[in-house]
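Work through the exercises below with the structure open beside you, and try each task before reading its solution.

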Amino acid sequence: MDIKDSHINYVEFKAKDLEEIKGFYIASFGWTFKDYGPTYTAFSDSGLEGGFEKTDTEIINGVLVVLYHRNLDLIKNRIIKAGGKITMDIFSFPGGRRFHFADPSGNELAVWSDK
């Protein structure tokens with residue numbers, strides 16, 4: 001897959017019970033899953049890759065849209081200049097780094113990079 005800067009690349013949901021949610025999407029749609037520890041599972045074979053993060057808190061907005069950009073510092077500064085607010089600064093995770101931001105309407109999104 002050719003990953004392009006500024007394109008939606010990943011969708012992340014919240015889930016109360018990862019085993020239950022995996023069973024539901026496997027049975028309903030045939031998605032496949034790969035676990036990354038006890039609190040995260042990634043899915044594929046869905047048209048767009050994504051994952052489920054385990055949470056014990058109330059799920060209000062359970063979807064996180066994740067964009068890709070090879071230069072996190074560049075895109076982070078561009079987002080700030082355009083009026084976005086950083087809600088979670090750059091951090092590392094297995095496979096890369098990312099940060100979260102809120103757009104001017106308060107929608108939270110993330111940007112990740114494997115660089």
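**Exercise 1. Establish the strand order of the sheet, find its edges, and describe its twist.**

Solution. In this predicted model, eight strands form an open sheet with mixed pairing, and reading across it gives the order E2-E3-E4-E1-E5-E8-E7-E6. The strands that pair on one side only are E2 (32–35) and E6 (85–93), and these are therefore the edge strands. Passing from one strand to the next, the twist averages 25°.

**Exercise 2. Examine how edge strand E6 is joined to its neighbour E7.**

Solution. Strand E7 covers residues 96–102 and runs antiparallel to E6, the two being joined by six bridges. One position to inspect is Ile86, whose bridge partner in E7 is Phe101.

**Exercise 3. Place the two helices on the sheet.**

Solution. Begin with helix H1 (residues 18–29), which packs on the sheet and touches E1 (8–15), E2, E3 (40–44) and E4 (50–54), its direction making about 150° with that of E4. Continue with helix H2 (residues 72–81), which also packs on the sheet but touches E6, E7 and E8 (108–113), with a direction at about 0° to that of E7. Along the chain, from the N terminus on, the elements follow the pattern β-α-β-β-β-β-α-β-β-β.

**Exercise 4. Judge whether the overall dimensions agree with a compact globule.**

Solution. For 115 residues, a compact globule would have a radius of gyration near 13 Å, and the 15 Å of the protein chain agrees with this. Its C-alpha atoms fill a box of roughly 45 × 35 × 20 Å along the principal axes. Buried residues, meaning those under 20% relative accessible area, make up 34% of the 115 residues.

How values were computed
Residues are numbered from 1 along each chain as its sequence is written. This is a predicted model: local features need pLDDT of at least 70, side-chain atom pairs count only at pLDDT 80 or more; totals for chains, interfaces and linings use all residues. Side-chain values use heavy atoms; hydrogens and water are left out. Helices (H or I, at least four residues) and strands (E, at least two) are DSSP runs, numbered from the N terminus. Axes are lines fitted to C-alpha atoms, for helices over the stretch in contact, and angles run from 0 to 180 degrees between N-to-C directions. Contact means heavy atoms within 4.5 Å. The radius of gyration is taken over C-alpha atoms; the globule rule is 2.2 Å times the number of residues to the power 0.38. Buried means under 20% relative accessible area, exposed over 50%, partly exposed in between (1.4 Å probe, protein chains only).
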